[in-house]
There are 4 protein chains.
Amino acid sequence: MAEDTLSAILLLSCKDRIGLVSRISHFIFERGGNILDLDEHVDPVEKIFFIRISWDMKDFSIPPEELADAFSPLAREFKADWKINFEGRKVRTAIFVSRYDHCLREILWRHSLGEFRMDIPLILSNHPDLEPVAQRYGIPFHVFPVTLENKAEQETRELALLAENQVDTIVLARYMQILSPRFVERYANQIINIHHSFLPAFIGSKPYKQAYDRGVKIIGATSHYVTEDLDEGPIIEQDIIRISHKDTINDLIRKGRDLERRILVQALMYHTEHRILVHGKKTIIFV
Amino acid sequence: MAEDTLSAILLLSCKDRIGLVSRISHFIFERGGNILDLDEHVDPVEKIFFIRISWDMKDFSIPPEELADAFSPLAREFKADWKINFEGRKVRTAIFVSRYDHCLREILWRHSLGEFRMDIPLILSNHPDLEPVAQRYGIPFHVFPVTLENKAEQETRELALLAENQVDTIVLARYMQILSPRFVERYANQIINIHHSFLPAFIGSKPYKQAYDRGVKIIGATSHYVTEDLDEGPIIEQDIIRISHKDTINDLIRKGRDLERRILVQALMYHTEHRILVHGKKTIIFV
Amino acid sequence: MAEDTLSAILLLSCKDRIGLVSRISHFIFERGGNILDLDEHVDPVEKIFFIRISWDMKDFSIPPEELADAFSPLAREFKADWKINFEGRKVRTAIFVSRYDHCLREILWRHSLGEFRMDIPLILSNHPDLEPVAQRYGIPFHVFPVTLENKAEQETRELALLAENQVDTIVLARYMQILSPRFVERYANQIINIHHSFLPAFIGSKPYKQAYDRGVKIIGATSHYVTEDLDEGPIIEQDIIRISHKDTINDLIRKGRDLERRILVQALMYHTEHRILVHGKKTIIFV
Amino acid sequence: MAEDTLSAILLLSCKDRIGLVSRISHFIFERGGNILDLDEHVDPVEKIFFIRISWDMKDFSIPPEELADAFSPLAREFKADWKINFEGRKVRTAIFVSRYDHCLREILWRHSLGEFRMDIPLILSNHPDLEPVAQRYGIPFHVFPVTLENKAEQETRELALLAENQVDTIVLARYMQILSPRFVERYANQIINIHHSFLPAFIGSKPYKQAYDRGVKIIGATSHYVTEDLDEGPIIEQDIIRISHKDTINDLIRKGRDLERRILVQALMYHTEHRILVHGKKTIIFV
């Protein structure tokens, strides 16, 4: 991981053609940028070009605010999906929680150690329970109780709050509400969820019970971007832990807590370091 | 793992009650048996008692052939499911294959090193392709081509061959035929299959394709006992391997080969060391 | 894991001989104890018998306080090393820390969720830094600054404090002081340390630096009981994490934090559930 | 993994400076090469630039034989260490074995499935035992018995045989002889060894015995390039497997066999796909 001076990170995908790396790296070179890290891959089946490049902005001739405009003609020519971020500019991230605290605590503690390149302007919950945890880290905590009746209205208020705080990314840290399509669409590929099973196994709300009943020898967890199709979004990270016949459902839940926080943290790290490209229903992760 | 003198292994499950270990261990002690390994567990939810005990038969006052008769009154009193095996007596195992050779080779090579407590009186296939592999290890290879029309008839012949060879256990080492209920019933909890996915995800015949299309970050494999419900039998062993966006379906198949043979070998080792109790749809594995 | 009613746990090792399980289980049975979990193993090389048995004390005819006395004649006859603990009685554990907070936080948070069968009467440190963490969980925090001159005197005061609080077990949660032989002897096999390398590789105080310089592809951590020989005590648990050429020493330290807390927690769980027998320089762990 | 048409793979390292990617990719672009995969990394501490690029040679204006000459002026300007290989041209690999067959079998079987981009012109051994395995795959097997007296002479004959067969790479698949400095120097960073421990723990010839005696909970294996300092060469790949107190030394050896062949195969795959740059005592692996 490079030091925290300002550097630009370009994520780009387009139909493959000759000269893409040369054109892009030349664009950077002729403006004085020194490339720090570059990972490029062409999908051999679909012939799609994927790239992540980061370069030092220290001696770059264009200021950060003008970089996107300067690059857009090239991107247009390539008919590319692309985004430029800056490593020194932190991702503004809101955390949504309900009552389980393990993912929230893990994120806040690591954040306090400087492990994430993000700011957390707010934590949002449908329950007041975890406010003390937020307070300890000095982060504003907003409670939006949700019922069937007020859901649409509450989401409108939530979206306003997020906009006001210039939130880029939302982490559902075991948030037990389903977001509406309108909400999901507003933050496409910017909402990260943790599902407590190895998707696509055990879709639904009681995966540990299902895993116990099936007698599996391994349980998993999955972090993914949220899409309208519940539990069907692009997968960012998955991992597993071994269990045995001696484990009760409570043991599964306990072991699962470790998995969930570890995986959600990894997914959030990839996201805030701009290492993820979403392509169709899949993710390309530049590690 | 103990040395290969003759020792008895009792696997037993019954409703829990006081005195079970004492009664069983006393039975062994008063006949001169020295216990080598004992693992007992009471399911805290269902209150079922599970035990595996092995003891040295060297100074035991009852010969192996009479042991089951001697023990059965106690087992009857406990209304137990039970079985006694002998470590020095090898499990007679038939291997069923089709065209993939990786699981077969892995088993035969390890077998040649003495890793399994089994004899392999025969290998059975619906294709002649792998006969040379069998020949190299001096194991009879029988071809039973199966069509829709002759399936019942061929199974009858297969069952006769298995009976004639006193086969206890069948390993489906990527055998691409579905066994009939009659066949499965005859070898209940004695047929071990390897399924090339992390069950219950990706049930069916093309799991790697499904995993690729879904964009998972991990692929798995599952070894289980065969029951009438395809892919639903008690799970013996599962494991996973990480994949990335760079992996094509062929890479998944290649990585999966390693998983499949490793997991099938582990399941077969547990089975031939009499470490598995089947209880309902689950396995208790004494490791 | 069984429910939290009072149950007894016997850990015992002795030279193997016939009838041990029968005699011990009969002792339990005739006093009305129902065995919940039993794991026994005879080392095939050294012929040593190791056992862990837990049984329900509900209908047991001897009260917990008299159990050790009642059992000791049998143990004497077997010339056994043994200990009886009670699952419903919590292990009194002191945590020693310096400035790193990750292990301490992990233990306290899990403790607050009821994951450990222990009480934490006090936290002890040579620095005041982590007092706020202790306060949040309402645990007394004692600071004993240590210098070359006052070390012996401070240890005397520490031992008095531990005795006064009836402490059974000490966890060195990245405590950066070396305990004197006198201290270690007083708490033989009761002090759990976490060393930030895969012992015996990278003994010493800068293992991540050494690992980085050597260019290993994996880093590890080791939890062990503390003995007079530094980094040589019986190993309880070890695990590893993969690293790559992209990881700086800081990344190793960050990844190591996760390993350290996970492994220390696992070791502490085994210890407080009375799953560990120390035999010579090794541990037998009944899982 | 790309399809097997001819593509070039450049591995290059040099002191970092601005414009390196641009200059190199332009070199490829202006000669009609389409980049398939590019991974670049700058060491943030040492400021060294590392790159691996592969490109399609189909429409490239320079034939493969002239490519190195064409590229060398650029490389000279950068004062780079570099090498160009071709994916469609297989690495000529000799396998050295003694009596253990597990690594040899694993490599030959996978090779027969097309998993490696290499040819195996010969297998060399100091014992005749494994000749039948070689014969089965139709590979010439040469026996060079080595004694203290004839070692230098035998190595001279071995080197001649290797030269005659245009061997690029040597795999020591549990070859139990130490190569002389002269031999090692001739094949610098081209000899791959498998050591049966997690280096730097348990250096020497009996690591499983040492691991058993120390009571570790994990055993490892390490594949590395051979240098004059035994067990000190740049590490390519490492992995571990869990063991318990129930495992005897023979169990460690058995479990170790699986580790050794898996890790050696992985290292050999990286090497033959030209994914490894050696820098000082470390490897950079482009995965």
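# Exercises on a predicted complex

Seven strands of chain B make an open, mixed sheet in the order S7-S6-S5-S8-S9-S10-S11. The model is predicted. The exercises begin with this sheet and then move to the contacts between chains.

## Exercise 1. The sheet of chain B

Task: which strands of chain B stand at the edges of the sheet, and why is one side of each left without a neighbour?

Solution.

- Step 1. Read the two ends of the order S7-S6-S5-S8-S9-S10-S11 in chain B.
- Step 2. The edge strands of chain B are S7 (141–143) and S11 (235–242). Each has a single partner strand, so one side of each has no neighbour in the sheet.
- Step 3. Add the twist. With direction ignored, neighbouring strands of this sheet are turned by 20° against each other on average.
- Step 4. Check one pair inside the sheet. Strands S8 (residues 169–172) and S9 (residues 191–195) of chain B run parallel and are joined by three bridges. In this part of the sheet, Val171(B) faces Ile192(B) of S9(B).

## Exercise 2. A helix across the sheet

Task: which strands of chain B does helix H8 (residues 249–272) of chain B lie across, and what is its angle to S11(B)?

Solution.

- Step 1. List the strands. Helix H8 of chain B lies across S5 (91–97), S6 (118–125), S8, S9, S10 (218–225) and S11 of chain B.
- Step 2. Take the angle. H8 of chain B runs at about 150° to S11(B).

## Exercise 3. Chain A as a body

Task: how many helices and strands does chain A have, and how does its radius of gyration stand against the globule rule?

Solution.

- Step 1. Count the elements. Chain A has eight helices and 13 strands.
- Step 2. Compare radii. The radius of gyration of chain A is 20 Å, and the globule rule gives 19 Å for 287 residues. The two are close, so chain A is as compact as a globular protein of that length.
- Step 3. Get the extent. The C-alpha trace of chain A spans about 60 × 40 × 35 Å along its principal axes.
- Step 4. Check confidence. The average pLDDT of chain A is 94, and 99% of the residues score at least 70. For the complex, the predictor gives an ipTM of 0.91 and a pTM of 0.94.

## Exercise 4. Partners of S1 in chain A

Task: in which sense does strand S1 (residues 7–15) of chain A pair with S3 (residues 48–56) of chain A, parallel or antiparallel?

Solution.

- Step 1. S1 and S3 of chain A pair in the antiparallel sense, over nine bridges. Within this pair, Cys14(A) has Phe49(A) as its bridge partner in S3(A).
- Step 2. Turn to strand S4 (residues 81–86) of chain A. Six bridges join S4 to S1(A), and these strands also run antiparallel. Ala8(A) stands opposite Phe86(A) in S4(A).

## Exercise 5. Chain A against chain B

Task: what rotation superposes chain A on chain B, and with how much shift along its axis?

Solution.

- Step 1. The rotation is 180°, with 0.0 Å of shift along its axis and an RMSD of 0.0 Å. This is the relation of a two-fold axis.
- Step 2. Locate the axis. Among the residues of chain A, Ala201(A) comes closest to it, at 2.2 Å (C-alpha).
- Step 3. Size the contact. Chain A gives 25 residues and chain B gives 24 residues. On the chain A side, the elements that give two or more residues are strands S11 (235–242) and S13 (282–285). By class, this side has twelve nonpolar, seven polar and six charged residues.
- Step 4. Compare the surfaces. 96% of the interface residues of chain A are also interface residues in chain B, so the copies meet through the same surface.

## Exercise 6. Chain B against chain C

Task: how many residues of chain B are in contact with chain C, and which element gives the largest share?

Solution.

- Step 1. 20 residues of chain B are in contact with 20 residues of chain C.
- Step 2. On the chain B side, helix H1 (20–30) and strand S2 (34–42) each give two or more residues. The largest share, nine residues, comes from S2(B).
- Step 3. Sort by class. This side of chain B has ten nonpolar, six polar and four charged residues.
- Step 4. Look at the strands. S2(B) pairs with strand S2 (residues 34–42) of chain C in the antiparallel sense over five bridges. Leu38(B) has Glu40(C) as its bridge partner in S2(C).
- Step 5. Find the symmetry. A turn of 180° and a shift of 0.0 Å along the axis lay chain B on chain C with an RMSD of 0.0 Å. Of the residues of chain B, Asp39(B) comes closest to this axis, at 2.2 Å (C-alpha).
- Step 6. Compare the surfaces. The same surface serves both copies, and 100% of the contact residues of chain B recur in chain C.

Key: Residues are numbered from 1 along each chain as its sequence is written. Chains are lettered from A and ligands numbered from 1 in the order in which they are written. This is a predicted model: local features need pLDDT of at least 70, side-chain atom pairs count only at pLDDT 80 or more; totals for chains, interfaces and linings use all residues. Two residues are in contact if their C-beta atoms, placed from the backbone, lie within 7 Å. Helices (H or I, at least four residues) and strands (E, at least two) are DSSP runs, numbered from the N terminus. Ala, Val, Leu, Ile, Met, Phe, Trp, Tyr, Cys and Pro count as nonpolar, Asp, Glu, Lys and Arg as charged, and the others, Gly among them, as polar. Two strands pair if DSSP finds at least two bridges between them. Copies are superposed by least squares on the C-alpha atoms of residues with pLDDT of at least 70 in both. pLDDT is the predictor's confidence in each residue, from 0 to 100. Axes are lines fitted to C-alpha atoms, for helices over the stretch in contact, and angles run from 0 to 180 degrees between N-to-C directions. The radius of gyration is taken over C-alpha atoms; the globule rule is 2.2 Å times the number of residues to the power 0.38.
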